[in-house]
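Dear colleague,

Please find the structure below, followed by my notes on what turned up when I went through it. I would be glad if you read them with the coordinates open.

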Amino acid sequence: MESGIKWYVVRAISGQEKKVKSYLENEIARQGLGDFVPQILIPSEKVYEMRNGKKRVREKTFFPGYILISADLSNGEVSHLITSMPGVLGFLGNANGPTKIPVPLRQAEVNRILGKVDEVTQEVTTPTVSFIKGESVKVVDGPFSGFIGTVEEVFDERKKLNVVVKIFGRNTPVELSYAQVEKEN
């Protein structure tokens, strides 16, 4: 890493981080300033959620409204280019004084943020929860959401369970996936 390149935080309109990143990357490439801005990062993590009985992966931003940019701001064009992009509110920095001077992040902060991003990408996506026969579980997704039942059978290889749920006073067996239930406390 060159001595002039440091990490800076750029404030962007919340919800438009990806659009701003795309604008920046295109404009930097167009003007041939890639040497001055080697990396643009939106710290985010993958979140798994259930919607209509289907498991969906969504990307959740750690710091909404902020983009990390590794840049050498000694070239005045770079700073101007970044701040003139649509959706950019400016650098996070020192507000004391007539010019708002961008303050680079300390290396420890950068390592912490990048470490958190790396940690998240290395996580295993399969749930490591195991259920046992006779255990009480709560249904969290699907038509039986909110019901509490008892595990009758466990199919580990398929990540499914047979659960007996009481519906209108009757015990009803239901096959559910691991993602549709959680252990009852």
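In the loop between β11 and β12 sits F168, which is not a glycine and yet has a positive phi of about 50°; please bear in mind throughout that this is a predicted model. With a relative accessibility of 85%, F168 counts as exposed. A second residue of this kind is K159, again not a glycine, whose phi is positive and near 55°, and which is found in the loop between β10 (148-155) and β11. Because its relative accessibility is 35%, K159 counts as partly exposed. As background to both cases, most residues other than glycine have a negative phi.

These two loops belong to the sheet that I would look at next. Five strands make up this open sheet, arranged in the order β12-β11-β10-β9-β13 with antiparallel pairing. The edge positions are taken by β12 (170-177) and β13 (181-183), each of which has a single partner strand, so that one side of each is left without a neighbour in the sheet. From one strand to the next, the twist of this sheet averages 40°. Strand β11 (residues 160-167) runs antiparallel to β12 and is joined to it by eight bridges, and within this pair V163 stands opposite V174 of β12.

One annotation may help you to find your way in this part of the chain: UniProt, in an unreviewed entry, lists residues 130-157 as "domain: KOW". In the model, the chain over residues 130-157 is 0% helix and 43% strand, and the C-alpha atoms at the two ends of that range are 11 Å apart.

The other sheet I would point out is also open, and its four strands follow the order β2-β5-β1-β6, with antiparallel pairing. Here β2 and β6 stand at the edges with a single partner strand each, so one side of each is left without a neighbour in the sheet. The twist in this sheet averages 25° from one strand to the next. Between β1 and β5 the pairing is antiparallel and extends over six bridges, with Y8 standing opposite I69 in β5. Helix α2 packs on this sheet, where it touches β1, β5 and β6, and its direction makes about 145° with that of β6. Helix α1 lies across β1, β2, β5 and β6, and runs at about 20° to β5.

What are the dimensions of α1, and which of its residues are buried? The helix comprises 15 residues, 17-31, and reaches 21 Å from its first C-alpha to its last, which is close to the 21 Å expected at 1.5 Å a residue. Its buried residues are E17, V20, L24, E27 and I28. Seen down the axis of α1, these buried residues fall within an arc of 100°, so they line one face of the helix. This pattern can be set beside a general point: an α-helix has 3.6 residues a turn, so residues three or four places apart point the same way. On the other side of α1, K18, N26, A29 and R30 are exposed. The elements that cover the buried residues of α1 include β1 (6-12), β2 (39-41), β5 (66-71), α2 (76-83) and β6 (88-91). After α1 comes G32, which has a positive phi near 70°.

The buried residues V78, L81 and I82 are found in α2. They cover an arc of only 95° around the axis, which puts them on the same side of α2. Among the elements that cover the buried residues of α2 are β1, α1, β5 and β6.

Finally, some totals for the protein chain as a whole. Its secondary structure comes to three helices and 13 strands, and of its 185 residues 34% count as buried. Of the contacts with a separation of 6 or more, 56% are accounted for by residues 24 or more positions apart.

With kind regards

Terms used. Residues are numbered from 1 along each chain as its sequence is written. This is a predicted model: local features need pLDDT of at least 70, side-chain atom pairs count only at pLDDT 80 or more; totals for chains, interfaces and linings use all residues. Side-chain values use heavy atoms; hydrogens and water are left out. Two strands pair if DSSP finds at least two bridges between them. Axes are lines fitted to C-alpha atoms, for helices over the stretch in contact, and angles run from 0 to 180 degrees between N-to-C directions. The expected span of a helix is 1.5 Å times one less than its number of residues. Buried means under 20% relative accessible area, exposed over 50%, partly exposed in between (1.4 Å probe, protein chains only). The arc is that of the directions from the helix axis to the C-beta atoms. Contact means heavy atoms within 4.5 Å. UniProt positions are given in the numbering used here, feature names are shortened, and annotations may be inferred rather than shown by experiment.
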